[in-house]
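Work through the exercises below with the model open. Each task is followed by a stepwise solution.

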Amino acid sequence: MSKSRETPQTIRQRKGHEPIAALTAYDFPMAKLLDAAGVPLLLVGDSLGMVVLGYPDTTHVTLEEMAHHVRAVARAKPRGLVAADLPFESYETPEQAVESAKRLVDAGAEAVKAEGGRAILPQVEAIVAAGIPFLGHLGMLPQSVVEEGGYRIKGRDDEQREALLADAQALGQAGAFGVVLELVTPTVAAEITRLVDIPTIGIGSGKQCDGQILVTTDLLGTSPDFIPRHIRPEELLRDRMVGMIRGWKDGLAKRKP
Ligand code: KIV
């Protein structure tokens, strides 16, 4: 593994050469573990709302909460690029998007991610013009889950397919260095991957993307509530953790007072 630091350019240059492995990190110890494993792209995802903060979905996460977790991850100084999610309602206008992105950069993020394609193009262009690297996110958009009434696979009909292709192209042209495709049908994800010259990073979108991203606790089997269908952890580490904690507690109970 190369010892040099990753940049948006090195991530982008992997397209067609080397699959991009990306994982979420919400705190210092996980960032250290991902660094030890040589993960090139760390995302401080707003999934931290459910995974760490116990919210029902990502729409409750604030910019201050994101900045707090970005600071913890950045303190680990990983060689992988640290990207951070702009949370719900923090990028309603180009001005607000730049201001919010700067807050995350000040906290230690090296790139920001936001959900949407042509609908947020002025915001993307403003972020890129401010010199902040931008990662797109298309397909199932978790910040729209309340509005849409659930987590649904995207790209199932012609209208969705065409919209996804146009959104991905628009993000590439606006200067995004990559795009996450979440729960997009594998055929459409493969088509986008062939069409655009920026890397696609899939989650539940088949094997043909240029990279894959996972919520790390899903990979390790430590997510609090459920493990999504697109990942089968080698082992449910949470069961082992509960066993270790119970073993320690039971050992303590056996000691004489
Ligand atoms: O918030 C997050 O963790 C994400 C990934 C699922 C891509 O956006």
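Two strands count as paired if DSSP finds at least two bridges between them. The model is a predicted one.

**Exercise 1. Find the strands that pair with S8, and the residues that stand opposite Gly 211.**

Step 1. Start with strand S1 (residues 20-24). S1 pairs with strand S8 (residues 211-214) over four bridges, in the parallel sense. Ile 20 stands opposite Gly 211.

Step 2. Turn to strand S7 (residues 200-203). S7 and S8 are also parallel, with two bridges. Here Ile 201 is the residue opposite Gly 211.

Step 3. Combine the two. Gly 211 in S8 faces Ile 20 and Ile 201.

**Exercise 2. Describe helix H4: its span, its buried residues and what covers them.**

Step 1. Take the span. H4 covers residues 63-75, 13 in number, and reaches 18 Å from first to last C-alpha. That is close to the 18 Å expected at 1.5 Å a residue.

Step 2. List the buried residues, using under 20% relative accessible area as the cut-off. They are Leu 63, Met 66, Ala 67, His 69, Val 70, Ala 72 and Val 73.

Step 3. Identify the cover. It includes helices H2 (28-36), H3 (48-51) and H5 (94-107), along with strands S2 (41-44) and S3 (81-85).

Step 4. Look just past the helix. Lys 77 has a positive phi of about 45°.

**Exercise 3. Which side chains place a polar atom by a ligand oxygen, and how much of the ligand is covered?**

Step 1. Check the distances. Ser 47 lies at 2.5 Å. Asp 46 lies at 3.1 Å. Asp 85 lies at 3.1 Å.

Step 2. Add the cover. The protein covers 96% of the 260 Å² that is accessible on the ligand alone.

Step 3. Widen the view. Residues around the ligand include Thr 24, Leu 43, Lys 113, His 137 and Val 215.

Key: Residues are numbered from 1 along each chain as its sequence is written. This is a predicted model: local features need pLDDT of at least 70, side-chain atom pairs count only at pLDDT 80 or more; totals for chains, interfaces and linings use all residues. Side-chain values use heavy atoms; hydrogens and water are left out. The expected span of a helix is 1.5 Å times one less than its number of residues. Buried means under 20% relative accessible area, exposed over 50%, partly exposed in between (1.4 Å probe, protein chains only). Contact means heavy atoms within 4.5 Å. A residue is near a molecule or strand if one of its heavy atoms lies within 4 Å of it. A polar contact is a pair of N or O atoms within 3.5 Å; within protein, one must be able to donate a hydrogen and the other to accept it, and residues adjacent in sequence count only if both atoms are side-chain atoms. Accessible areas come from the Shrake-Rupley method with a 1.4 Å probe; for residues, only the protein chains shown count as cover.
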